[in-house]
Structures are given as structure tokens and as C-alpha cells.
Amino acid sequence: MMGKPTLAARLRAGDSIYSGWIATPEPLIAETAARQAFDCVCVDMQHGLHDPVSVMRSIGGIVHAGKPAGVRVPVGDFAMASRALDMGAEAVIAPMINSVADARALVAATKYPSLGERSWGPARALSLQGIPDAATQLATANDATLAFAMVETKQALDLLDEILAVEGIDGVFMGPSDLSLTLSGGKEVAPAADWMDEPIRRIAARARAHGKIACAFGADPVRARYFTDVGYHFVALGPDAIYLASGIRTMLEGLR
Ligand code: 3PY
Ligand code: MG
């Protein structure tokens with residue numbers, strides 16, 4: 001939003017960002033999360049139930065609550081990556097970026113020429129974020145919006161430096177569940193296993209070496225804190241069903 005530091009500016013200044021993660025396609029939930037102390041709120045189209053309309057409405061609620069919005073798009077849906085930015089998202093998270101070609105496709109969809117091939121049409125982003133005119137948008141959008149490539153497979157880990165080197169990729173987003181699933185050869189989903197510590201630290205260290213942002217999905221506060229401690233600057237916590245369940249638990253425990 002104009003007048004406030006963008007999510008990109010805060011991350012580049014070294015701030016730690018904790019983001020909400022909303023799977024339920026109801027804008028009021030995203031807005032309610034944004035009214036809490038989260039720095040940012042993301043909506044999930046990959047494993048969450050969001051569609052383009054619920055994403056558009058949720059971004060409105062999040063931004064009206066004064067927070068930046070992020071969108072995780074479905075696998076391979078680079079068209080939606082462009083649309084999420086047109087709808088006013090400040091960050092796009094693309095799952096399963098497993099090759100340099102995937103990373104380049106993400107940049108093409110999210111950055112205006114000459115860096116990428118993003119098509120012109122940000123009317124909603126302009127009005128939502130108070131960007132005064134097209135020239136300002138064109139001059140600022142490539143820096144002010146973030147393209148995060150999910151590194152969450154053995155294949156992507158093997159190509160980590162090549163993916164990080166793609167110009168226009170602002171950071172890598174580590175998905176610990178899929179990473180553990182693929183590193184274990186399909187044997188287990190063990191996002192918090194001891195043997196995950198080395199690849200988790202390596203991803204943060206290599207992102208830092210490339211001057212890029214390390215992001216992760218934290219699930220709970222203990223894991224989120226651990227990610228921050230080992231060099232991640234953008235950590236998502238959730239999804240929203242967990243907020244609801246833990247709120248209900250706390251409330252009922254208060255009765256006993
Ligand atoms: C993963 O852990 O694989 C994720 O994609 C987190 O959302
Ligand atoms: Mg995943």
C-alpha cells in the first residue's frame with residue numbers, strides 16, 4: 001500500500017515476517033486473520049480451497065485490514081500468478097518449482113518486460129493499493145511485488161543454486177512436508193525430522209548467499225521460531241482450520 005513500506009521493502013531490510021495461511025475460501029476469514037498481529041496473510045489455492053473469485057475478495061479484505069496479501073497458486077498455474085498480482089497481491093508463491101525452466105516461467109508471469117512477460121492490466125491492484133498512476137506501477141511493480149519459488153523436492157534441492165540465480169526470482173519458499181516426502185523416497189512425511197535440519201539450513205544459507213529471501217511453512221510456533229533462528233525471514237503459520245481448532249480448545253479449557 002502506498003505510504004507504508006511494502007512487504008518486499010520490509011523483507012529486503014531484514015525484517016522477520018510471520019504470515020497467516022488461509023485455506024478456507026471465505027474472505028471474512030482472511031480479513032479476520034489480517035486484523036490480528038500477522039505481518040501478512042496468504043491465501044492458498046494449491047491445497048487450500050480458494051478459487052480466483054475468493055482470492056480476489058480475500059485480497060480486498062486483507063488489504064482493507066492494512067496488511068499485504070500473498071497468494072499460493074496451484075501447481076504450474078502461471079496465469080494465476082499474473083492474475084494474483086493484478087488483484088493486488090504483493091507476493092506470489094508458486095509450488096513445485098523443480099527446474100530452471102519452471103523458475104523462468106514464474107518470472108515471465110510475475111515481472112513486467114524487459115525482465116519478464118507480465119501482461120498489462122493492474123487496475124484492481126492500483127485502486128486497492130492507492131498507486132496513483134500507470135507510470136508509477138510500471139516503475140515500481142517488479143521490485144515491489146515478490147515471486148517466491150517453492151523448493152520442496154529433491155530435484156529442486158539439487159538445482160537450488162540454479163533456481164536462486166534466475167533473475168526475477170525474489171526468494172525460495174521451502175515446503176517441509178513435500179521436501180521430506182521426496183528426500184525419503186516417498187517413505188514418509190516428516191517435516192520436523194532431525195535429518196531435515198541440514199537441507200533446511202542449506203536452503204536458507206544459499207538464499208542468503210544469493211541475496212534472496214528464504215521463506216518457509218512453519219505449521220506451529222515452535223517450528224516457525226526454529227525457521228527464523230536458522231535464517232528464514234518469511235514464515236507462514238497455519239492453516240486457518242488450526243486457528244479455529246486451537247481457539248475452540250483454549251476457550252473450552254477456560255471452562256474447566
Ligand atoms: C509443504 O510443506 O510441502 C508445503 O507445501 C507447505 O505448505
Ligand atoms: Mg508442498
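A polar contact, as the term is used on this tour, is a pair of N or O atoms within 3.5 Å. With that cut-off in hand, and bearing in mind that this is a predicted model, begin at the ligands.

**Stop 1: ligand 1**

Select ligand 1 and display the residues around it, which are Arg72, Met150, Glu152, Gly175, Pro176, Ser177, Asp178 and Phe217. Sorted by class, this shell holds 3 nonpolar, 2 polar and 3 charged residues. If you colour the model by secondary structure, you will find that helix α10, spanning residues 176-183, makes the largest contribution to the shell, with 3 residues.

Now turn to the oxygen atoms of ligand 1 and follow the polar contacts one by one. An N or O atom in the side chain of Glu152 lies 3.1 Å from an oxygen atom of the ligand, and because the cut-off for a polar contact is 3.5 Å, this pair qualifies. From Ser177 the approach is made by a backbone N or O atom, at 2.7 Å from a ligand oxygen, and from Asp178 it is likewise a backbone N or O atom, here at 2.9 Å from an oxygen of ligand 1. Switch on a surface at this point: ligand 1 taken alone exposes 230 Å², and the protein buries 92% of that area.

**Stop 2: the magnesium ion**

Next select ligand 2, the magnesium ion, whose protein donors are Glu152, through OE, and Asp178, through OD, lying 2.1 Å from the ion. These two donors bring together distant parts of the chain, since Glu152 sits in the loop between β5 (146-151) and α8 (154-158) while Asp178 belongs to helix α10, 26 residues apart. Are Glu152 and Asp178 buried or exposed? Both of them are buried.

**Stop 3: strand β3 and its neighbour**

Arg72, one of the residues around ligand 1, leads to strand β3, residues 69-72, which is covered on both faces. Ala69 and Val71 point to one side and Gly70 and Arg72 to the other, and all four are buried. Add strand β2, residues 40-44, to the selection, and you will see that it pairs with β3 in the parallel sense over 4 bridges; within this pairing, Ala69 of β3 is the bridge partner of Val41.

**Stop 4: two cis peptide bonds**

Move to the bond from Pro113 to Ser114, which is cis, with omega near 10°. Ser114 is found in the loop between α5 (100-110) and α6 (123-129). A second cis peptide bond joins Gly238 and Pro239, with omega about 0°, and Pro239 is placed in the loop between β8 (234-237) and α13 (240-253).

**Stop 5: two positive phi angles**

Select Met96, in the loop between β4 (91-94) and α5, where phi is near 55°, a positive value in a residue other than glycine. Met96 is partly exposed, with a relative accessible area of 23%. Before leaving it, draw a distance from its C-alpha atom to that of Gly175: the separation is 9.1 Å, although these positions lie 79 residues apart along the chain. Gly175, as seen at the opening stop, is among the residues surrounding ligand 1.

Finish at Ala219, in the loop between β7 (213-217) and α12 (221-229). Its phi is near 60°, again positive in a residue other than glycine, and at 36% relative accessibility Ala219 counts as partly exposed.

Note on methods:
Residues numbered from 1 in each chain as written. Chains lettered and ligands numbered in written order. Predicted model: local features only at pLDDT ≥ 70, side-chain atom pairs only at ≥ 80, totals over all residues. Heavy atoms only, no water. Near = heavy atom within 4 Å. Polar contact = N/O pair within 3.5 Å; in protein donor to acceptor, adjacent residues only side chain to side chain. Areas by Shrake-Rupley, 256 points an atom, 1.4 Å probe, with all protein chains shown as cover. Nonpolar A, V, L, I, M, F, W, Y, C, P; charged D, E, K, R; others polar. Donors = N, O, S within 2.8 Å, 3.2 Å for Na, K, Ca; no water. Buried < 20%, exposed > 50% of the residue type's maximum accessible area, 1.4 Å probe, protein only. Pairing = 2+ DSSP bridges.
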